[in-house]
Amino acid sequence: MKGATEVADEKAIVAAAEAALGEIARIRAEVGKVIFGQENVVEQTLLAVLSGGHALLVGVPGLAKTKLVATLGTVLGLDNSRIQFTPDLMPSDILGSEVMDQDQAGHRSFRFIAGPIFTQLLMADEINRASPRTQSALLQAMQEYHITIAGARKDLPQPFHVLATQNPLEQEGTYPLPEAQLDRFLMQVDVGYPELAAERQILLETTGVSEAEARPVINAARLQQLQSLIRQMPVGEKVVDAILSLIRSARPGNGNATTDKNVAWGPGPRAGQALMLCARARALYDGRLAPSIDDILALAEPVLQHRMALTFAARAEGKTVRDVIGDLLKRAKG
């Protein structure tokens with residue numbers, strides 16, 4: 001028997017979730033005014049933000065990745081900024097630096113000038129063009145939500161999200177992201193070409209005298225409330241078991257012959273945490289109060305693909321990480 005307190009807590013969660021459904025529907029509608037098609041991309045990017053994490057958007061230029069991030073900043077009521085990463089970009093260019101001031105009496109003191117990272121939604125454009133030194137500075141911010149300048153801690157605004165983009169084609173002059181930084185991204189969102197109908201709409205809607213503009217739906221404080229609500233949503237034992245089974249089957253040395261043959265290293269516990277949070281967010285996004293195994297299967301690829309590496313033999317045979325994840329999902333469904 002559940003106690004009175006537990007029943008009251010459940011009713012409160014249900015009431016909060018029902019209130020959130022309308023807001024999420026309005027968020028989707030406002031984003032849809034500006035971003036045509038790309039429903040999966042919009043969904044996965046929003047899920048990453050609603051889950052309180054960061055996302056890596058991978059796609060060729062011209063697919064509205066930058067516009068999507070700017071639109072989300074407007075609709076979610078977040079302060080946002082954009083950094084164009086280049087090989088000569090230094091950590092101080094994104095973090096900020098201290099400058100010396102002198103007052104009228106001749107007294108000198110240091111004053112910190114905050115860099116563009118001090119925002120709530122950071123667009124890290126072509127992140128793999130930055131040097132490892134600059135990438136490591138961003139890594140601390142993504143993981144610890146603060147930076148260190150001259151030995152002093154500087155907390156970042158809350159909430160803080162990084163939506164980074166990466167061009168999968170042009171690799172000259174790039175520095176591949178280290179595995180530790182890739183693991184900090186909640187999801188890798190693959191941005192493909194739009195469907196015919198969506199591309200037709202793009203041509204008609206964006207080449208006229210005026211373009212549609214998105215309007216704010218919520219603010220930063222409300223977004224944090226939604227993120228807290230998602231963490232309170234119940235997850236059934238079968239869903240937890242499905243997450244553990246999928247994550248562990250993707251690691252070599254756990255009894256899966258296909259994985260042992262093709263995977264050099266697999267996802268760590270952070271992948272399971274990401275699946276748990278994103279599954280809850282997807283349930284709320286779809287108007288449900290609890291996640292299902294279908295949510296796990298739908299989110300497996302964006303959560304796992306940047307947390308796995310294939311063996312040399314698998315790459316020589318032309319296999320991809322997507323192929324391996326697809327095999328794992330077939331086994332899970334079977």
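In the predicted model, the lining of the largest pocket is made up of nine nonpolar, seven polar and three charged residues. Altogether 19 residues line this pocket, and those nearest its centre are Q166, L182, Q188, Q305 and H306. The space inside the largest pocket amounts to about 490 Å³. Several secondary-structure elements contribute to the lining: strand β1 (55–58), helix α6 (179–182), strand β9 (187–190) and helix α14 (321–333) each provide at least two residues. Both domains take part, with at least three lining residues of the largest pocket drawn from each of domain 1 (14–232) and domain 2 (235–333).

The second largest pocket holds about 420 Å³ of space. Its lining comprises 23 residues, and S51, G52, G53, Y145 and R231 are the closest to the pocket centre. By class, this lining divides into seven nonpolar, 11 polar and five charged residues. Helices α5 (132–144), α8 (220–232) and α11 (269–285) each supply at least two residues of the lining of the second largest pocket. Here, too, at least three lining residues come from each of domain 1 and domain 2.

The two domains that contribute to these pockets follow from the domain assignment of the chain, which gives domain 1 as residues 14–232 and domain 2 as residues 235–333. Taken over C-alpha atoms, the centres of domain 1 and domain 2 are separated by 25 Å. Contacts between the domains involve 26 residues of domain 1 and 20 residues of domain 2.

Residue E43 lies in helix α2 (residues 39–50). With a relative accessible area of 15%, E43 counts as buried, because the limit for that class is under 20%. When residues up to four places away in sequence are not counted, E43 touches R282 and Y285.

Ahead of helix α2, the loop that joins α1 (4–34) to α2 contains G37. The relative accessible area of G37 is 21%, so this residue is classed as partly exposed, the class between under 20% and over 50%. G37 and A197 are 160 residues apart in sequence, yet their C-alpha atoms are 8.1 Å apart in space.

A further loop, between β9 and α7 (196–205), holds P194. Leaving aside residues up to four places away in sequence, P194 touches Q38, L63, E199 and I202. The C-alpha atoms of P194 and G32 are separated by 14 Å, with these positions 162 residues apart along the chain taken as their sequence separation.

Enclosed space was also examined. The structure contains two cavities of 30 Å³ or more. The volume of the largest cavity is about 60 Å³, and its lining consists of I35, Q38, V41, L57, L63, A64, K65, L68 and V191. Of these lining residues, seven are nonpolar, one is polar and one is charged. Two residues of this lining, Q38 and L63, are also touched by P194.

The second largest cavity encloses about 40 Å³ of space. It is lined by K33, V34, F36, K67, E205, T206, E211 and A212. The class composition of this lining is three nonpolar, one polar and four charged residues.

Helix α3 spans residues 65–75, and its buried residues include K65, L68, V69, T71, L72, G73 and V75. Among them, K65 and L68 also belong to the lining of the largest cavity. G77, which follows α3, has a positive phi near 70°.

A positive phi is also found in the hairpin of β6 and β7, where A150 takes a value near 55°. Two residues lie between the strands of this hairpin. Strand β6 (residues 146–149) and strand β7 (residues 152–155) run antiparallel and are joined by four bridges. One of the pairings links I149 to A152, its bridge partner in β7.

Conventions. Residues numbered from 1 in each chain as written. Predicted model: local features only at pLDDT ≥ 70, side-chain atom pairs only at ≥ 80, totals over all residues. Heavy atoms only, no water. Buried < 20%, exposed > 50% of the residue type's maximum accessible area, 1.4 Å probe, protein only. Contact = heavy atoms within 4.5 Å. 1 Å grid on protein atoms, 1.4 Å probe; cavity = no way out; pocket = protein on both sides within 12 Å on 5 of 7 lines; lining within 4 Å. Points joined across faces, edges and corners; volume = space filled by probe spheres on them. Nonpolar A, V, L, I, M, F, W, Y, C, P; charged D, E, K, R; others polar. Domains from an automatic or database assignment. Pairing = 2+ DSSP bridges.
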